[in-house]
Amino acid sequence: MSTSATSNDLTRRLDEAVALYGKLGLLIDDADDARSRAARAIYGCESLPSWWLIGRSLVCAIEILAWLHHRIESGATFPAIVILDRYLPASCQDSRRKVPWDVPPGGLNEDLREYCTQLRAAVERLLFAAGEHHPQLFVELETSYPHRLPPASCTLERPLSWKTRNPDLLYRLRNKIEKVRLREPMSLLSFGPGQGVGNQVADPRVCEQADWLSSIYWSTLQELADSLSANASGPVVLLTGAGASFGASRLGRGVARTDLLLEEACRHVLGTGKSENRVKPIRPQCGCSALAPWEIAERHEPKRQPTNSQQTPLEWMIGEFRQGTPISRISWQLEEVFSTKDRHGKGVDPQTLQAFREGFRAALHHHDHGFLYHHWLLAQLPWTQIITTNFDSFHERAAVAAATSKATRQRRKILRLGNRFPAEIEDWHTEVSDRDRRELLQWSRLFKPYGSLLAPLPVRLAAEELLHAKERFKRTLGTFLTPDVEGTLVVLGHSVRDHFLNEVLKELQGNADNETFLQRIRLIWVDPVAFDRAQHARPGIGPVTLQWDLWMRQMLACRQAGPFPVNAHEFVYDLWRVYVEATQI
């Protein structure tokens with residue numbers, strides 16, 4: 001039926017999802033928009049939580065449901081959602097023909113008919129379990145063709161009860177889940193973890209990460225929500241990076257991955273036009289092929305520029321792309337690619353660099369429309385200030401949209417988080433008086449030290465430009481987070497590998513030792529690989545060169561809130577739910 005490798009991969013990923021989050025979502029659907037369609041109806045955003053697994057074929061669906069049935073029979077009680085489509089291909093490798101597996105038509109080969117029979121039996125067992133023995137198991141059967149009658153030769157006594165695919169169907173499922181009133185950590189409507197069972201997974205990294213997530217996730221969200229409340233003291237500063245602006249699909253809102261933007265810039269230089277693939281939706285990966293963040297890093301070692309190469313990083317990147325190598329498969333640093341000189345002092349051709357910058361900015365403009373759902377939620381939280389190294393305008397647009405339905409006083413507070421602080425005045429004038437800065441801060445709490453697409457000025461990309469912006473970044477971060485004030489810094493979707501940012505953070509620490517500094521400034525780092533990177537920063541495993549890694553290592557050892565290995569939208573969604581409950585708004 002399927003290869004043992006595929007079966008083992010599916011089983012391992014199912015075990016990991018339950019181990020890390022204590023709950024499971026299964027979407028058995030091969031449509032390219034299935035993931036975003038389900039996410040919008042159930043969660044109101046563009047992407048499903050990480051504990052959802054997608055099956056795109058009969059073979060994978062049989063494997064997935066067999067695993068689930070085995071766990072139910074063995075006494076597992078974790079909550080789960082299962083959404084099944086009626087028409088599926090036989091396998092992920094051959095998706096040309098899709099068949100209604102509950103009532104297979106004539107003319108099918110013996111293997112395909114057997115797949116349909118097995119899946120039908122598995123679904124009947126699942127429906128029986130959901131109705132009688134497992135109140136926390138929710139199953140929905142949806143299709144675009146619910147009224148297709150079985151052939152006259154069909155002998156089925158109980159046809160499956162299909163429902164017409166539409167947004168209301170899954171929205172009603174959301175209401176049904178809310179009525180169950182599961183306690184929050186186990187809620188199927190939250191993105192974060194419940195009580196994981198990581199000891200059932202062989203991979204020690206999954207066990208350790210499951211234990212870490214379940215121990216700090218909800219308590220830290222509650223503490224952060226309390227800090228954000230109106231009666232709390234101390235600044236709460238939000239720093240967002242590229243990971244906070246990535247879109248779930250190329251047709252939806254959000255910026256494309258940086259490697260795709262660089263490919264567009266390469267095409268602009270080479271004169272090959274725009275990518276045809278850029279306007280196509282990203283095909284969701286089936287559970288038999290999806291990789292964890294650390295697996296991606298291990299299986300795809302990037303190609304590095306030879307140390308004896310006479311080319312500049314920009315020339316080498318364009319050359320590799322011309323030969324057909326995807327930018328995602330080569331090693332690069334953005335500040336080196338855009339620099340006017342390489343590490344050996346060799347100058348870059350000005351015309352090539354200018355064309356590359358123009359192509360990169362044009363690609364950014366192409367994606368800079370609307371805003372992501374979690375930006376809209378962020379805009380309604382009372383941050384002391386927002387700092388972003390991104391160039392897009394999502395924070396600005398989200399703040400305007402969030403302010404439209406608020407009372408006047410709330411509207412002003414929200415709008416100032418979308419009103420960019422005019423940092424250019426600090427470049428044009430030697431000094432800005434404290435009085436002028438205080439006046440500006442009354443209306444502007446959004447800081448963009450590297451530039452903005454809305455400003456008629458070049459954005460800062462090259463190493464020499466970032467060095468020039470270092471002082472601006474230092475003034476920005478030190479506006480509210482000062483050595484004599486206790487506060488919180490939330491880093492959302494930023495890798496914090498920027499050496500200039502690490503130097504600024506080190507200066508923020510001042511003369512205090514790490515322990516004293518971390519007691520004064522609480523650090524929360526939201527990134528999918530945060531835990532794995534903090535683990536590898538331990539002594540004896542690898543060299544530690546960044547100040548950020550030193551702090552994360554210490555916070556991990558002390559079991560303090562620090563690395564949060566989740567996606568940006570997942571963290572924001574759950575923070576908003578906790579904040580609303582805490583403040584009763």
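**Group meeting: Thr-488, a helix pair and the cysteines**

If we leave aside its neighbours within four places in sequence, Thr-488 is in contact with Leu-224, Ser-227, Pro-235, Val-236, Val-237, Leu-481, Arg-522 and Ile-524. I should say at once that this is a predicted model. Thr-488 sits in strand E11, which covers residues 487-492, and with a relative accessible area of 4% it is buried, since that value falls under 20%. One of the contacts I just listed is also a polar one, because the side chains of Thr-488 and Arg-522 come to 3.2 Å, which is within 3.5 Å.

Let me turn to a pair of helices. Helix H7, residues 258-270, packs against helix H9, residues 313-322, at an angle of about 85°, and their axes are 10 Å apart; the two are therefore roughly perpendicular to each other. On the H7 side the residues that meet H9 are Leu-262, Glu-263, Cys-266, Arg-267, Val-269 and Leu-270, and on the H9 side they are Met-317, Ile-318, Phe-321 and Arg-322. By class, the residues of this contact divide into seven nonpolar and three charged, with no polar ones.

Further along the chain is helix H21, residues 547-557, where Gln-547, Trp-548, Asp-549, Trp-551, Met-552, Met-555 and Leu-556 are buried. Just after H21, Arg-559 takes a positive phi of about 60°.

Finally, the cysteines: how many disulfides does the structure hold? The structure holds zero. As for accessibility, Cys-116 counts as buried, at 1% relative accessibility, whereas Cys-207 is partly exposed, with a relative accessible area of 23%.

Conventions:
Residues numbered from 1 in each chain as written. Predicted model: local features only at pLDDT ≥ 70, side-chain atom pairs only at ≥ 80, totals over all residues. Heavy atoms only, no water. Axes fitted to C-alpha atoms, helices over the stretch in contact; angles between N-to-C directions. Helix = DSSP H or I, 4+ residues; strand = E, 2+ residues; numbered from the N terminus. Parallel < 35°, antiparallel > 145°, perpendicular 65-115°, else oblique. Contact = heavy atoms within 4.5 Å. Nonpolar A, V, L, I, M, F, W, Y, C, P; charged D, E, K, R; others polar. Disulfide = S-S within 2.5 Å. Buried < 20%, exposed > 50% of the residue type's maximum accessible area, 1.4 Å probe, protein only. Polar contact = N/O pair within 3.5 Å; in protein donor to acceptor, adjacent residues only side chain to side chain.
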